[in-house]
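Subject: The two-chain model

Hi,

Here is the model I said I would pass on. Have a look at it first, and my notes come after.

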Amino acid sequence: MTRFVARRLVIAVVQVAAITIAVFLLIRALPADPVATRVGFNASPDVYRKAKADLGLDRSTLSQLGTYLGGSGTERGLLAGNLGTSWASGSTVASEIGDALPITLELISLSFLLAGAIAIPLGMRTARRPGKALDKAVFGYGLFAGAAPEFWWGLMLVFVFYFKLGWAPAPLGRLSPQLQAPTQRTGAILIDSLLAGRLDAFWDGLRHLILPVVTLAFVLSGPIMKMVRQSMTRVLGSDFVLYAQAAGLPPRQVSRSTLRAAFGPVLTLTSILYGFMLGGAVLVESVFSLGGLGQYSVKSVLEFNYPSIQGVVLVITVLSLVIYLVLDVLLALLDPRARHR
Amino acid sequence: MRRLSILAGATAVLAASAVLTAPTRAAAAAGEITVLAEDIPAGLDYDGPSAAIPTSQTGMVNLMEPLVYYKTKPANSEGIGLLSFGFADANFEGRLAESWTYDPKTFTWTFKLRKGVKGCGGATFNADDVVYTFARAKSVSGAAPIGWFLSNVASIANFTPDVLGADKAKAAEAQKLGDEVKKIDDFTVAIKQSAPNKLFLPVLTIFGLGIFDKETMEKNKTATDPWSHEFANNTNVPSFGPYCLDKWTKNSEFVVKGNTDYYRGAPKVTRVVYRKVPQSSNRLAAVQRGEAQLVERLTPKEFDSVRKAKGVKVAGVIGNENLFVHMNFKTPPFDNVKVRQAVAYALDYKKIIANGYFGQATKSKGPIPSSYPGFSVSKNQYDTNIEKAKTLLKEAGYKDKGDILLSYVSEKQSILLPIATQIKADLAKVGIKVKLDPLPQTQYGDRQLVKKDLQFALNDQEKPIGVDAGYATLLFFVSSEKGGLNNMVNYSSPKVDDLFAKVKNEADDKTRNTELAEIQDQLMADLAWLPVVELKTQWAFSDKLTGLAWHPDSSIRWNDLKYAG
């Protein structure tokens, strides 16, 4: 297992390096101008030239890459762990990502937990009784959930539960505007509230998370449910299950063995979706004004804020690789044959 | 398993209902308001990287204090307060400066400063703060030197482009503040101009020359950042304004509380939560349900939808926001004035106002905002006349050579797309085929400011920060060779250049206005830009909120407000 993990880590380092350099070069090849946004349209050519020089954009791309990786003067480069400074705000990219990332992780982790709680039992049940009413209902649900983008479902939930019924809180962020936020420790509002002993903030944060989590879980549970059903159907028809049933093993024991054998593809799909959601939850973040990593990425791209774009891509790449590494380890634990492939 | 699923589902639904309906909403205390915008301040240093972002400017103007500001005048019919624009002393009131005199022989302004003014951190205002502010501006040490630029525009002596020169030693010398801004005593400062320039007092009102609290700034300087840009941009901007920063979570929330020591009296609105809500529909819903007291930057359609809503008021002002069509003078077919004029005659202005702005706009009479001093209605006007447009195209020998791209900023699609579509339909009637070309803001900026190669564009973001027709002319219409700052359509008119050279140093208001009127006539004859409509800057707010006033940067001064909630 150690060799297996080490091999994966070496490949991950090469992937991160390649992606970092590719992103650096590609964004500079795009036909856009980050300087104009920075100085404003009232600026004189002198001001423009100075701002361009300050950003290092008057130098060759290779020279810029050297500074990005190795730093210059007193400023450290990426190789020393510095993601740089945001061109839009002047804050360090690391601090901005440090603020945005926990928001997204909290949102998508809760969404996946809810999606799994719905999708796995339903997928298993429908696999065991194909063609029954529940199976048809779940099929319809899968189609329904996937028929419209998540932001549309989000807006609909806001319209019904906030605007019409007044049950949900305003989609204005993670806490009500006049409520003091708990001291930031992890960046996840629920955990920080509990750590600070702020139950008022915890309940308020939870209320604000319900609609976005339900929106994402609603969309995510469709494909997970389908995958559970498909895998379970395949495994239920396999020889070892038929033998176990013929030998008279209790249904619960058969179910447990079946789930373990069917879980590989479900885990793979969930991991891929999780990695995708790191940046892909942007629309839900935007609808509910949560300000997570997706929103930060889009803002950075629209501003052509090179250090932020590079930082976000790097962080998402590393996190995705970590997720895939964990996935590989889990798959290897579930199915020992995977270690030798 | 089935029972377990049902139980889990029922528990989840009950828990969600209980949490959703639990009354944990923290009610706003009296005098506290929530303001929602598409973004919040990204930075607070006006020489920093985010000074061009409107919401950053909102943060700056509410925390900082200028030397002088425009006097107010009666509100418009919608109750929005207005300012008394002009160049005379009578147009201005002292803020940190109590009074001032001007010596025309030496071009020197002497300011008597206000005593007993305290900043948020307890620092007391004096002449050192003013000198520090200009020294910092001249150091051009920030990411975008707005302070230097404004001082240069106001002809403050020695604030020349030398500070940005390629020769580093010479530039460093030029960046040192000399006698041009001089402390006479603790409460007197003299500022010298290199030539008479009417923009001096107007420029001092702009956010980019707000006065810093030197004492606090210097406490936060570092060896590599002697002018405390990092601190001002990311932590706080110490000044003597009506509000003090309470909490700032970048990309999320900006909270201020009233400065109880504010020399003009503690603000009536004692706490403001300025929160980022990117979706305009959510901002709209929040103000309708009373969760927010003021929301900014909705679409015209959204403003229209709540105009008669209970508890919500929508009001606005024709300030300095305009919609223009830009036609590039270096790109056929728009290098021909007859084609440009044909486009002007082809547009259905009434439909654009009705469908694009729901009636909250008026047809433009010129390329300068009509609220600015020096604006004049040009004798060259273009009303919808399809036959005249066709005749002009025929005279120009216009031949269809495929679709012409009409570019606009894609982030503004919800506002500009209906208008671009209308323009496309209007031009099709006279035989000009147009294809819509939405571009991301940064790409649009590159094409407009740097490459200057946008052939045909729809633009609603040009707003001269200097409130003067002369400044707007210098900014947009003087040729680059004669010092034009941002002549984005490659317009060049010797007549306009010559007239502007006279305007620049003209002391007599009447003569200056006559020259500016001639410039505007020429701009409209050439159709340097095609002004389409002047649109209302609008806000939606609680009917318990009063005192809203319009300022040229469109940032609300929260100190103007009263909330009876």
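Below is what I found, going through chain A, then chain B, then the contact between them.

One thing to keep in mind is that this is a predicted model. For chain A the mean pLDDT is 87, with 98% of the residues at 70 or more. Confidence there bottoms out in α2(A), where the mean is 77, and peaks at 94 in helix α8 (residues 189-195) of chain A.

**Chain A**

Chain A has 14 helices and zero strands. Its C-alpha trace covers about 85 × 55 × 40 Å along the principal axes. Out of 341 residues in chain A, 46% count as buried. If you take the contacts in chain A between residues at least 6 apart in sequence, 68% of them link residues at least 24 apart.

The helix I spent some time on is α14 of chain A, residues 306-334. With 29 residues at 1.5 Å each, α14(A) should span 42 Å, and the C-alpha atoms at its ends are 41 Å apart, so the expected and modelled values agree. Which residues of α14(A) are buried? The run A:Tyr306, A:Pro307, A:Ser308, A:Ile309, A:Gln310, A:Gly311, A:Val312 and A:Val313 is among them, and A:Val315, A:Ile316, A:Ser320 and A:Leu331 are buried as well. And what covers those buried residues? The cover includes α1 (2-29), α2 (34-39), α5 (93-128), α11 (251-280) and α13 (293-303), which belong to chain A too. Note that α2(A), part of that cover, is also where the confidence of chain A is lowest.

**Chain B**

Chain B mixes its secondary structure, with 18 helices and 21 strands. Its C-alpha trace spans about 85 × 70 × 45 Å along the principal axes. A compact globule of 565 residues would have a radius of gyration near 24 Å, and chain B comes out at 26 Å, so it agrees with that expectation. Buried residues account for 52% of chain B. Of the contacts in chain B between residues at least 6 apart in sequence, 70% connect residues at least 24 apart.

For a local detail, try strand β9 (residues 188-192) of chain B. In a regular strand, side chains alternate between the two faces of the sheet. You can follow that here: B:Val189 and B:Ile191 point to one face and are buried, whereas B:Thr188, B:Ala190 and B:Lys192 point to the other and are not.

β9(B) also has two antiparallel partners to look at. Strand β7 (residues 108-113) of chain B is joined to β9(B) by five bridges, and B:Thr108 sits opposite B:Lys192 in that strand. Strand β8 (residues 181-185) of chain B is joined to β9(B) by four bridges, with B:Lys183 opposite B:Val189. The link from β8(B) to β9(B) is a hairpin through two residues.

**Where the chains touch**

The contact draws on 67 residues from chain B and 62 from chain A. On the chain B side, the elements giving two or more residues are α1 (2-21), β1 (32-37), α8 (229-234), β12 (271-276), α9 (280-288) and α15 (441-451). Of these, α1(B) gives the most, with eight residues. By type, the chain B side splits into 34 nonpolar, 20 polar and 13 charged residues.

Cheers

Technical notes:
Residues numbered from 1 in each chain as written. Chains lettered and ligands numbered in written order. Predicted model: local features only at pLDDT ≥ 70, side-chain atom pairs only at ≥ 80, totals over all residues. Expected span 1.5 Å × (residues − 1). Buried ≥ 20, exposed ≤ 12 C-beta atoms within 10 Å, placed from the backbone. Contact = placed C-beta atoms within 7 Å. Nonpolar A, V, L, I, M, F, W, Y, C, P; charged D, E, K, R; others polar. pLDDT = per-residue confidence, 0-100. Rg over C-alpha atoms; globule rule 2.2 N^0.38 Å. Pairing = 2+ DSSP bridges.
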